[in-house]
Amino acid sequence: MEPLWLLFLLFVTVSGGAPNTTVLQGVVGQSLQVSCPYDSTKHWGRRKAWCRQLDQEGPCQRVVSTHNLWLLAFLKKWNGSTAITDDALGGTLTITLRNLQDHDAGLYQCQSLRGREADTLRKVLVEVLADPQDHQDTEDLWVPEESGSFEAVPVEHSISRYSEETPFPPTSVLLLLAFIFLSKLLTAGALWVAAWRCQKLRSFPASGQGCGYGPASCLSPNRGDGWGGAAGREG
């Protein structure tokens, strides 16, 4: 029943005109990588999430989301066998499904979070295929038949092996480095200003000897030296 429900749900989604619906196929025991492009300007500063649609009317159950601190969204965050990372400047959300199993098949969503609301970036139907190297009976394997409902759905095959340790998105790294550099620059500037003010205060002794806080203090007649003292001695 589950394969029939998935087929029906995909048909309803496509016929309803929902954009960005993609079918991805993976092999049991291998990893599958999902990419969800988005407008980086529109979704600037938002956290992202990967959720699973359990039924056609129920809510989308969240599987994993990016870090709470938006600047650290490029760091890969795991929840079980599912990881998420966000290239905020490049506008690409990447989800990794490791060690695929049959129960991982289903309809998912890439989401952009704004408070308690969420915008759907892309809907993805994940299909899990049997490993062709296994000599097992494949009679129970469900493969969608060719149908007109799939004509508008771009199908991306992702059945090859790849390294799970992907490098950090360079744009996000540059953003983080720029933030760290700016923070250090501001801190250094604040420390320099504080040291300069302290040195300036030390140059004016509290005892009142030497020139005080302005030229007028050097001409004061109450001083025992300088021009005021000389005028008193001449008198």
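So, β2 and β7 run antiparallel and are joined by six bridges; strands here are DSSP runs of E with at least two residues, numbered from the N terminus, and two strands pair if DSSP finds at least two bridges between them. In that pairing, P37 stands opposite T92 in β7.

A quick word on what you're looking at. This is a predicted model, where local features need pLDDT of at least 70 and side-chain atom pairs count only at pLDDT 80 or more, while totals for chains, interfaces and linings use all residues. Residues are numbered from 1 along each chain as its sequence is written, and side-chain values use heavy atoms, with hydrogens and water left out.

Now look along β2. Which residues of β2 are buried? L32, V34 and C36 are, and they point to one face, while Q33, S35 and P37 point to the other and are not buried. Buried means under 20% relative accessible area, with a 1.4 Å probe and protein chains only. In a regular strand, side chains alternate between the two faces of the sheet.

Next, the largest nonpolar core: it has 22 residues, and V34, W50 and C110 are among those with the most contacts inside it. Such a core is a set of buried Ala, Val, Leu, Ile, Met, Phe, Trp, Tyr and Cys residues joined through side-chain atoms within 4.5 Å. β2, β7, β8 and β9 each give two or more residues to this core, and β9 gives the most, with four.

Finally, β9 and its partners. β8 pairs with β9 in the antiparallel sense over nine bridges, and Q109 has K123 as its bridge partner in β9. β1 runs parallel to β9, joined by seven bridges.

Technical notes
Buried means under 20% relative accessible area, exposed over 50%, partly exposed in between (1.4 Å probe, protein chains only).
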